[in-house]
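Biologist: Hi! Could you walk me through this one?
Modeller: Happy to, let's open it up.

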Amino acid sequence: MYIGGIKEHVLNREEVLVVKIKPTFNGHSFTKNTWLVTSQNDSIQISKLRFYLTNFEFIDAQNNSIKIPESNYLIDAFDQETLQFDLKTIKKTNFKHILYKIGVDEKLHDAGAQSGALDPINGMYWAWQSGFINFKLEGKSPSCNTRKNKFTFHLGGYKIPYSTTRDVRLDLYNKEKYIIIKMDISSFFNDLSLTDINQVMTPGEEAYQCSLQLPQLFSITNE
């Protein structure tokens with residue numbers, strides 16, 4: 001089957017490809033509530049960092065598209081069990097790119113609360129009107145003029161023009177049976193002053209603008 005000039009394959013010869021997520025801050029690993037300094041010279045502690053990675057897809061050297069069905073994962077930067085998962089892919093395929101979404105796509109929002117990674121018990125679902133929280137970042141900073149100096153970024157919303165689901169496309173260079181995706185949260189603060197913006201908890205313009213930063217957080221690493 002050809003879709004948009006790309007040939008789509010069916011998963012009829014499967015093998016497991018391991019995906020490892022590596023959360024970092026300025027390229028270094030960090031722990032919960034560690035003091036960190038952003039490029040805006042804001043001192044911060046991160047207490048919660050959770051986000052959805054969904055709709056995984058691979059493009060091989062012949063421009064064939066291999067979509068991974070039901071590939072919806074909730075990542076918690078401080079829960080090791082969520083930082084690695086398996087994707088079933090076509091056996092012995094030389095992949096050139098990996099594609100996925102940060103957040104939950106529209107059809108899953110419309111389907112409402114579900115089970116597994118999409119279960120409301122995970123604390124990532126608002127209500128059927130607003131859908132899922134795609135990306136959740138919480139912590140504190142002396143720069144925040146808020147109660148207990150807390151900052152809260154709950155980025156969600158799936159309706160145009162303020163959809164916060166973002167596409168990521170990364171180049172693959174190795175032929176190993178695992179992929180390490182580095183997620184550097186420091187980039188989220190590159191153009192963000194916590195003195196000015198520190199509370200985003202509803203769909204709208206601010207959530208949309210903050211979500212535009214999310215794809216640049218991710219890259220492929222061999223480390």
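**Rings and strands**

Modeller: This is a predicted model. In it, ring pairs join Phe51, Phe56, Tyr73, Phe85, Tyr100, Phe135, Phe151, Phe153, Phe188, Phe189 and Phe218 into a cluster.

Biologist: Nice! How many aromatic pairs does the count come to?

Modeller: The count is 18 aromatic pairs. One of them is Tyr100 with Phe218, an edge-to-face pair with 5.9 Å centre to centre and 80° between the planes. Tyr100 sits in strand E9 and Phe218 in strand E16, 118 residues apart, so this pair links distant parts of the chain.

Biologist: Are Tyr100 and Phe218 buried or exposed?

Modeller: Both Tyr100 and Phe218 are buried.

Biologist: Okay, new topic. Which strand is Glu138 in?

Modeller: Glu138 is in strand E11, residues 131-140. E11 pairs with E12 in the antiparallel sense over seven bridges, and Leu137 stands opposite Phe153 in E12.

Biologist: And where does E12 sit, enclosed or not?

Modeller: Six of the seven residues of E12 are buried, so the strand is largely enclosed by the rest of the structure. E12 also pairs with strand E15, in the parallel sense, over two bridges. There, Thr152 stands opposite Gln199.

Biologist: Back to Glu138: what is the nearest side chain of opposite charge?

Modeller: That is Lys48, 4.2 Å away. A salt bridge has to be within 4 Å, and Glu138 is buried yet has none.

Biologist: Which side chain does Glu138 join in a polar contact, then?

Modeller: His154, at 2.7 Å from side chain to side chain. Glu138 also touches other residues, including Gln45, Ile46 and Phe151.

Note on methods:
Residues numbered from 1 in each chain as written. Predicted model: local features only at pLDDT ≥ 70, side-chain atom pairs only at ≥ 80, totals over all residues. Heavy atoms only, no water. Helix = DSSP H or I, 4+ residues; strand = E, 2+ residues; numbered from the N terminus. Buried < 20%, exposed > 50% of the residue type's maximum accessible area, 1.4 Å probe, protein only. Lys, Arg positive; Asp, Glu negative; His and termini not counted. Polar contact = N/O pair within 3.5 Å; in protein donor to acceptor, adjacent residues only side chain to side chain. Contact = heavy atoms within 4.5 Å. Pairing = 2+ DSSP bridges. Phe/Tyr/Trp six-rings, centres within 6.5 Å; stacked < 30°, edge-to-face > 60°. Lists of a residue's contacts leave out its neighbours within four places in sequence.
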